[in-house]
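Dear colleague,

I am passing on the structure below, together with some notes on what came out of going through it. Please read the notes with the structure open beside them.

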Amino acid sequence: MVENVNRASSRRSYGQFCGLARALDVVGDRWNLLIVRELLPGPLRYGELKASLPGVASNLLAERLRTMEETGVVERALGDTGVVYGLTRWGTELKEPMEALGRWGVPLLAAGRGDDEFRPRWLTLALPAILHGRTAAPPVEIGFEVEGLLIVLRIDEGGPSARIGDKNRPNTVLAAEADTVVGFVAGALTTDQALDAGELRGDAAPLRQAFA
């Protein structure tokens, strides 16, 4: 992997003996970290990945994937529906620094979504980032349904995590707009305000327990 990184970085490098600089040599190009964001919840086909990245040109996405594959961040595999792109084990280690960067950017969301593009799957990174350090015992699971996609937030003794919903739906699901979910989780909205703005399915008690 190091050999691949050094070879790829030689094409365009800061030329600095620094962990941050060398990391940016690998993932600092435009779109790279957003590609990682898309692949953190799981592998995607090329068309799915492009659809999740509004604004990226097809040839640029292909070039970024090729470079990130060479550097050992992304790998291709044959899935049930054809070739899929996923993160290597090393690539998944970007989750923690990306959550930290996303948490740093939360104040920039205060102005609201406006005309910006949004994909509900992005919440799988955003929600744990916002709730960094929050724990719960016993564990709490809450579903947020945004634009038809269920995001399951779990808070336990190890901290928060989020995943795209599966057949095991939580007993508490709040269907709401993205602005409402982010505002509620970030503490800008009370539980009652979030409930008024959305549609509750199930018991409100876990919401009040987790966000009292």
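Leaving aside its neighbours within four places in sequence, F144 is in contact with L127, L149, L150, I151, L153, L174, V181, F184, V185 and L207; please bear in mind throughout that this is a predicted model. F144 is also one of the residues with the most contacts inside the largest nonpolar core, which has 28 residues, and L123, L127, V181, V185 and F211 are listed with F144 in that respect. At least two residues of this core come from each of α8, β3, β4, α9, α10 (191–197) and α11 (205–210), and α9 gives the most, with five residues. A second, separate core of 20 residues includes V26, L39, V56 and M98.

As for the sheet, five strands form an open arrangement in the order β5-β4-β3-β6-β7, with mixed pairing. Its edge strands, each pairing on one side only, are β5 (159–164) and β7 (199–202), and neighbouring strands are turned against each other by 20 degrees on average, direction ignored. Strand β6 (residues 172–175) runs antiparallel to β7 and is joined to β7 by four bridges; A175 has E199 as its bridge partner in β7. Helix α8 (residues 123–130) lies across β3 (140–146), β4 (149–156) and β5, and runs at about 170 degrees to β5.

Finally, T180 is found in helix α9 (residues 178–185), and T180 counts as buried because its relative accessibility is 11%, below the 20% cut-off. Beyond its neighbours within four places in sequence, T180 is in contact with L189, A194 and A197.

With best wishes

Notes
Residues numbered from 1 in each chain as written. Predicted model: local features only at pLDDT ≥ 70, side-chain atom pairs only at ≥ 80, totals over all residues. Heavy atoms only, no water. Buried < 20%, exposed > 50% of the residue type's maximum accessible area, 1.4 Å probe, protein only. Contact = heavy atoms within 4.5 Å. Pairing = 2+ DSSP bridges. Axes fitted to C-alpha atoms, helices over the stretch in contact; angles between N-to-C directions. Core = buried A, V, L, I, M, F, W, Y, C linked by side-chain atoms within 4.5 Å.
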